[in-house]
Every structure is written in C-alpha cells, then in structure tokens.
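This report walks through one model, from backbone details to a sheet and the helices beside it. Please keep the sequence and the structure in view while reading.

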Amino acid sequence: MADDYLVRIGRLIRDARQHRGWTQAQLAEALGTSQSAVNRIERGNQNISLEMIARIGEALDSEIVSLGYAGPMHLRVVGGRRLSGAIDVKTSKNACVALLCATLLNRGRTVLRRVARIEEVYRLLEVLNSIGVRSRWINGGVDLEIVPPAALDMDAIDADAAVRTRSIIMFLGPLLHRLDHFKLPYAGGCDLGTRTIEPHMIALRRFGLDIAATEGQYHAVVDRAVRPDRPIVLTERGDTVTENALLAAARYDGVTVIRNASSNYMVQDLCFFLEALGVKVEGIGTTTLTVHGVPHIDVDVDYSPSEDPVEAMSLLAAAVVTESQLTVRRVPIEFLEIELAVLEEMGLDHDRTPEYVADNGRTRLVDLTVRPSKLEAPIDKIHPMPFPGLNIDNVPFFAAIAAVASGKTLIHDWVYDNRAIYLTDLNRLGGRLQLLDPHRVLVEGPTRWRAAEMMCPPALRPAVVVLLAMMAAEGTSVLRNVYVINRGYEDLAERLNSIGAQIEIFRDI
C-alpha cells in the first residue's frame, strides 16, 4: 500500500514537471539534488518526506503536489528604478488560445511554436486533456504538440478548469462538426461585467447549433439540416465571436461569408492557421471574410503564432511610466500604429527599425526604442475602436501613461462595464483619477507615485497597469493575489527584472 502511494505521488510529480516543460535535470537543479534522485521519486522507488513534497510543489508552482493549499501568489515591488536594455515580445495570448480551440478541427498532429506559457493556456490544455486530447511540451518546453483522439469524451470534461476561462466558448464552433449534442460549462475569465454570448449564438445558429443554458452548463444540440444559405452578419464585431464563426465555417461543406467580422490580430492569426489546415479564407484583414470550408481535416501542421501587440504595449507603457530608455523587440507594428500615433502627439520620443516578417510569414514586426519624454495630455479623449482603431485591451495602459503626462486626459472605455472603475485603483498609488461614470475616467497628471499595499484588480489589463505604477513609485509596494496577471503574461515579473525592475514573487506562509 505504501509503495502504491509513492507511485501515485511520483506520477503527480512527473505530470507537474512535464506540464511546466522541465526535464528531470532541471527539477533536480531547482531542488539541489541529483537527476537520479528525481528519477527514483517519479518512479515511486524512493521514500519522500512532506518537506520534500512542499519543496517540489514550490519549485514547480503546482498546487497538485504542494503540501496543502499553497495560497495565492503575491508580488513585492521595489519601485523608482529605471529600466534599460532590450526585451522581446512573447507570442500572442489571444492567438494561442484561439489556435488551441482550432486544433479540435484537425484529426492530425498540430505543433504550435513558442506558445505563451500562461494560465489561460494551461486551463485550456487541462480541458482538452480531460476530453481525450493528448498534448506535450517539446523542444525544451518551447513548443506545444497536440494530438486529438478518434472520439472526444465530453462527459469527462474538467469543469473546474473550463469555468476559469472565457475561451471555452470557442469550443462551440469546432465541436458542432464533431458531435450532435454536447455540454459545456459556463464561460468564465476576467470580471468585466455582463458579457452575453448571444452574438455567438446568432452566428452559430446558422450552422444548426441550438443552446439551452441550465444548471451551470450550455446544452448544445446540432441540426445537420440547417445550413448558412446567405451571408452571416455578426451583430457584434467581436474577436471571439468572429473566431467562433470562422471555426464553424472551417469544416462546413460549402462557402460561408462572414460580414462585420473583426480583423484584429488574433483573428488574422487564426485565419493563417486555417489556411495551413487547407481552408481557403478570403478577405483577411477586412471586415468581410469568405471561408471555403473543408469537411474533413486530417493534416500534420506546424504553425508559429505571431507576437502579442498588447504585451508590446505593456512593455512600452512600463518604459514610459518609469521614465526609462528601453528597446522592445518583435513588435507587431500593424496593430500598434494608432497607439503610437497618439503617443507621438503626446510627445513620446521613440524610433523604430525597418519592418521585418514574423515567423508566421505574414505579420509585420519592428523593434521600438522608447526614451524618457515630457508628455502632454492629448487634446482628444482616449477611446477604443475595432481594428484598425486603438485596441480595446490597450486602453488601460493609457491611464498610467496619462498619469505621467501634464494635463487632463479623458479615457472612455465604452466596451466593458467595470474596467474603468478598476483603473481608479491607481489613486491608491498617488494617481488623480476621477470616475465620471462606469465607462469614463478623467486622469490628471503629472503624478508623484507613492508605494502602497493592495489587492490585485480582478481584470487582467488594469492589474498590469497597477503593477507598472508600483514600479514607478519610490519605496516598496505589495500587489496581492496576482493570478489574473498570470492568466495573460508569461513570467512577467522575471522578465521585467531582466531589464532592471526589482520584483519578488512570494506566498503567505
């Protein structure tokens, strides 16, 4: 019995290590032990103390093998430091989650290069693995291999993981081609107010999908006789709505026209991936997409998602708020041109390299160097628009930027119900932000930032904005429970430390 217990513990440790993408040697180095000892532990051939289990859980950042509940992760930030050097932009979080959902279209093997290792991706992988999809990190944990099963086991779906990500809603498009009926848990994610799935339903009903929402689940039934016999007009030019329609159209045996489609970066990456699967997509980068579906997709595909323009904006904002000179490399310039135009009008001193092509062969990249600048508040309000307008997810960063500019800036975040409210958390750090209504905030600068201890806002981008302000504030700040940041950024604290920040990750004892 004891031996069986050790074997089960060993398997948990092995799975957690592989999930993190580490070798046995890397885990051994983190623990200060030998690779052979790790090998024995994972095979259940070595007694293991509770202290060692706790150490392994800490090293792997895995609650599965930690001693009890490890508690939430916090950040201790020593601010007032200048950033310097250069940093690369990681691949797009939103593209990666869309591509993971899209792998359900393919019967063959999919390899995604340089996948963002973030909580949102981990949650989707847990859901995919629970229904029978095999995944493994390869090439030293950099790339991700996905192999689907012959049949999906939807009864075994990991509901706990599913409800922690809104991306689960994008399973609807691919699944309607594989199953006549299925259930999905309600979509979760950031707390950004009421977000109805009705725009998704309006599009997917045209493919015969009918949804009944009861008992915390979506109950889906597919009528194969229903076909999209005329263009689908999306009632919301949303990214995930467009992606769901694309995923449904990809395996529809015919031609689907999608109008009022988003042409944003993650949608373009999904279109490029669908083309790699053999699906012809016309109109990429426009608001009308024509999809020539392929009823059966069984190909081995290798694809590199492009870089994340929102992370690029995060890093540019970090340089601006901390009054630093910083080079941000591999910036997808097509999706930051409006933001940079606004920043230029505010007085930002920067330059950029000639354009070059991303690994997907399509997206245009540049390297941007930002220098300390005397910024003035813009004359017009900051507000988002669908691409090619100012990106919805980049609006919060302008709250921190406006706070260091001279004058008053009106920020109008008309898309989300709550996000402007979260931006007023900057007042705890010395900001002067006045909430005019749930969607509008008036920012007055310049700001003399001050250190503070506070809880992390429950929305991704406002949480990062608070972190950036802490980096600018003299003294030591604490940002508690930063899970939401880990949902969208890979090793953000460590990467910021590599360019001069001083951020310590800790947990409560």
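Pro446 sits in the loop between strand E20 (440–445) and strand E21 (453–455). Helices (H or I, at least four residues) and strands (E, at least two) are DSSP runs, numbered from the N terminus. The peptide bond leading from Gly445 into Pro446 is cis, with omega near 0°.

The model is predicted: local features need pLDDT of at least 70, side-chain atom pairs count only at pLDDT 80 or more, and totals for chains, interfaces and linings use all residues. Residues are numbered from 1 along each chain as its sequence is written, and side-chain values use heavy atoms, with hydrogens and water left out.

**Confidence**

pLDDT is the predictor's confidence in each residue, from 0 to 100. The chain has a mean pLDDT of 89. Of its residues, 94% reach 70 or more. Residues 64–69 stay under 50. For that stretch the model has 12 contacts beyond four places in sequence; a contact means heavy atoms within 4.5 Å. Residues 189–195 are also below 50 in pLDDT. Beyond near neighbours in sequence, residues 189–195 have 24 contacts in the model. Where pLDDT is low, the predicted coordinates should not be read in detail.

**Backbone details**

Most residues other than glycine have a negative phi, and most peptide bonds are trans. A cis bond runs from Phe387 to Pro388, with omega near 15°. Pro388 lies in the loop between strand E17 (364–371) and helix H14 (395–403).

Two residues other than glycine have a positive phi in loops. The table lists them with their exposure. Buried means under 20% relative accessible area, exposed over 50%, and partly exposed in between (1.4 Å probe, protein chains only).

| Residue | Phi | Loop | Relative accessible area |
|---|---|---|---|
| Glu323 | near 55° | between helix H12 (309–321) and strand E14 (326–332) | 46%, partly exposed |
| Asp491 | about 50° | between helix H17 (483–488) and helix H18 (492–497) | 41%, partly exposed |

**A four-stranded sheet**

An open sheet of 4 strands has the order E4-E5-E3-E13, with mixed pairing. Its edge strands are strand E4 (134–138) and strand E13 (301–303), each pairing on one side only. Two strands pair if DSSP finds at least two bridges between them. The twist averages 15° from one strand to the next. Axes are lines fitted to C-alpha atoms, for helices over the stretch in contact, and angles run from 0 to 180 degrees between N-to-C directions.

Inside the sheet, strand E3 (residues 110–112) and strand E5 (residues 143–147) run antiparallel, joined by 3 bridges. Val111 stands opposite Glu145 in E5. Helix H6 packs on the sheet and touches E4 and E5. The direction of H6 makes about 140° with that of E4. Helix H11 packs on the sheet too, touching E3 and E13. Its direction makes about 155° with that of E13.

**Helix H6**

How far apart are the end C-alpha atoms of H6 (residues 119–130)? They are 16 Å apart. This agrees with the span expected for 12 residues at 1.5 Å a residue, also 16 Å. The expected span of a helix is 1.5 Å times one less than its number of residues. H6 is largely enclosed by the rest of the structure, because 10 of its 12 residues are buried. Among them are Glu119, Glu120, Arg123 and Leu128. Just after H6, Gly132 takes a positive phi of about 110°.

**Buried residues**

Asn264 is in the loop between strand E10 (255–259) and helix H11 (265–276). With a relative accessible area of 8%, Asn264 is buried. Beyond its neighbours within four places in sequence, Asn264 is in contact with Asp239, Phe335, Phe387 and Asn391.

Leu172 belongs to helix H8 (residues 172–175). Its relative accessible area is 0%, so Leu172 is buried. Outside four places in sequence, its contacts include Phe182, Met201, Ile211 and Asn244. Leu172 and Thr363 are 191 residues apart in sequence, and their C-alpha atoms lie 27 Å apart.

**Cysteines**

A disulfide is a pair of cysteine sulfur atoms within 2.5 Å. The count here is 0 disulfides. Cys101 is in none, and the nearest cysteine sulfur, that of Cys96, is 11 Å away. Cys101 is buried, at 0% relative accessible area. Cys456 counts as buried at 12%.
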